[in-house]
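Load the model in your viewer and keep the selection panel at hand. The stops below are meant to be taken in order.

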Amino acid sequence: MSLDLLELSKTFQGKGWGESVHVLENIQHRIENGRFVSIIGPSGCGKTTLLRIIAGLEKASAGKVLLDGKELVQGTEEVGLVFQEYALFPWRTTLQNIEMGLEIKGVEKEKRREIAMEYIKLFGLGGFENRYPKELSGGMKQRVAIARTLIMNPRVVLMDEPFGSLDSQTRDAMQEFLLSIWQGRQGTTIVFVTHNVDEAVFLSDEILVFSKRPARILERFEVGMPRPRDRTSPECNRVKREVLQILSKETEDSMGLPWIK
Ligand SMILES: Nc1ncnc2c1ncn2[C@@H]1O[C@H](COP(=O)(O)OP(=O)(O)OP(=O)(O)O)[C@@H](O)[C@H]1O
Ligand SMILES: [Mg+2]
């Protein structure tokens, strides 16, 4: 069983006289269910666009996305999204943010409270259930955002630089937390976009390095180290070096800075 990206291409048509932008070029890849896959690539190459296409928020110009052989329908609960900006509703408490999906789905109040409270406990948010987002730290807000997505039991979780705005200690802690949650949920696939090679190596089963726009898959790394991983181990450093080598060349090219060689 798998998430299949089949010959996906995307061009944004320019409006009026505006130029069209060719963003994705024939992305073809199979992600086996239950894997943790990171995508890394130059800024503006099309990573967010790819996640939006998988989530059904954007239409591909060509190609399709299949989950277990079936085309994904827009708004499906099988796919959940977590963005860098927490996108929490400021007027809703932690509890109300987390239970929102169940509320929309029509789960009765008592039942959804019960489930949401389980998530609050699991996510270390106990005691903060009645606080508003502005009263929470960055790490806590991101945990609320992840809990809010996972409570719907998606089979595929798309994460777009979810820890990008956190300080490095909080980020490290959140990575470990995410792994522990993911390891407790058999079969959940994570597609994780990051700019941070260290993060990709620490978290992933597999890393896809994208080219500059239009994005193609330049290289695929299988990261076989057992978990928990030591970020400073020679094995992690070796993979990091290999990814960086490809990425830094591609990023320099995409910024058009020929003097950095
Ligand atoms: N709705 C849209 N209409 C037109 N162009 C768009 C639209 N969304 C994205 N683009 C363009 O597509 C390209 C890829 O954008 P995207 O946000 O997918 O890049 P990214 O890889 O996520 O970048 P970053 O690493 O900076 O987040 C950019 O040139 C962007 O301007
Ligand atoms: Mg992006």
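What follows is a tour of this predicted model, stop by stop.

**Stop 1: the two domains**

Colour residues 2-78 and 155-255 as domain 1, and residues 88-153 as domain 2, following the domain assignment of the protein. The C-alpha centres of these two domains are 26 Å apart. Where they meet, nine residues of domain 1 are in contact with five residues of domain 2. On the domain 1 side, select helix H6 (residues 168-183), which gives the most to that contact, with three residues. Sorted by class, the side of domain 1 that touches domain 2 holds six nonpolar, two polar and one charged residues.

**Stop 2: the six-stranded sheet**

Next, show the open sheet whose six strands follow the order E6-E7-E8-E3-E9-E10, with mixed pairing. Its edges are strand E6 (79-82) and strand E10 (217-222), each of which pairs on one side only. Between neighbouring strands the average turn is 15 degrees, direction ignored. Add helix H5 (residues 138-150), which packs on this sheet and touches E6 and strand E7 (156-160). The direction of H5 makes about 170 degrees with that of E6.

Now zoom in on strand E3 (residues 36-40) and strand E9 (residues 206-210). The two run parallel and are joined by four bridges. Select Ile 39 and, opposite this residue in E9, Leu 208.

Which way does E9 run relative to its partner E10, parallel or antiparallel? E9 and E10 are antiparallel, with five bridges between them. One pair to pick out is Ile 207 with its bridge partner in E10, Phe 221. As a general point, side chains in a regular strand alternate between the two faces of the sheet.

**Stop 3: the hairpin and two cis bonds**

Follow the chain out of E9: a hairpin of six residues leads into E10. Within that loop between E9 and E10, select Pro 214. The peptide bond between Arg 213 and Pro 214 is cis, with omega about -5 degrees.

Continue past E10 into the loop that leads to helix H8 (234-255), where Pro 228 is placed. Here a cis peptide bond joins Arg 227 to Pro 228, and omega is about 0 degrees. Most peptide bonds are trans, and most residues other than glycine have a negative phi.

**Stop 4: ligand 1 and helix H1**

Centre the view on ligand 1. Which residues surround ligand 1? The shell consists of Phe 12, Val 21, Val 23, Ser 43, Gly 44, Cys 45, Gly 46, Lys 47, Thr 48 and Thr 49. Two elements give two or more residues to this shell: strand E2 (21-32) and helix H1 (47-54). H1 has the largest share, three residues. By class, the shell divides into four nonpolar, five polar and one charged.

Stay with H1 and show its surroundings. Six of the eight residues of H1 are buried, so this helix is largely enclosed by the rest of the structure. The buried residues are Lys 47, Thr 49, Leu 50, Leu 51, Ile 53 and Ile 54. Lys 47 and Thr 49 therefore count as buried, with 20 or more other C-beta atoms within 10 Å, and both also belong to the shell around ligand 1. Just after H1, select Gly 56, whose phi is positive at about 85 degrees.

**Stop 5: strand E4 and the loop after it**

Select Ala 62, in strand E4 (residues 62-67). Ala 62 is partly exposed because it has 13 other C-beta atoms within 10 Å. Beyond residues up to four places away in sequence, Ala 62 touches Glu 7 and Ser 9. Although Ala 62 and Glu 7 are 55 residues apart along the chain, their C-alpha atoms are separated by 7.0 Å.

Move on to Asp 68, in the loop between E4 and strand E5 (70-71). Its phi is near 50 degrees, a positive value in a residue other than glycine. Is Asp 68 buried or exposed? Asp 68 counts as exposed, because it has 12 C-beta neighbours inside 10 Å.

**Stop 6: Glu 161**

End at Glu 161, in the loop between E7 and H6. This residue, which is not glycine, has a positive phi near 45 degrees. With 18 other C-beta atoms within 10 Å, Glu 161 is partly exposed.

How values were computed. Residues numbered from 1 in each chain as written. Chains lettered and ligands numbered in written order. Predicted model: local features only at pLDDT ≥ 70, side-chain atom pairs only at ≥ 80, totals over all residues. Pairing = 2+ DSSP bridges. Axes fitted to C-alpha atoms, helices over the stretch in contact; angles between N-to-C directions. Contact = placed C-beta atoms within 7 Å. Near = placed C-beta within 6 Å. Nonpolar A, V, L, I, M, F, W, Y, C, P; charged D, E, K, R; others polar. Domains from an automatic or database assignment.
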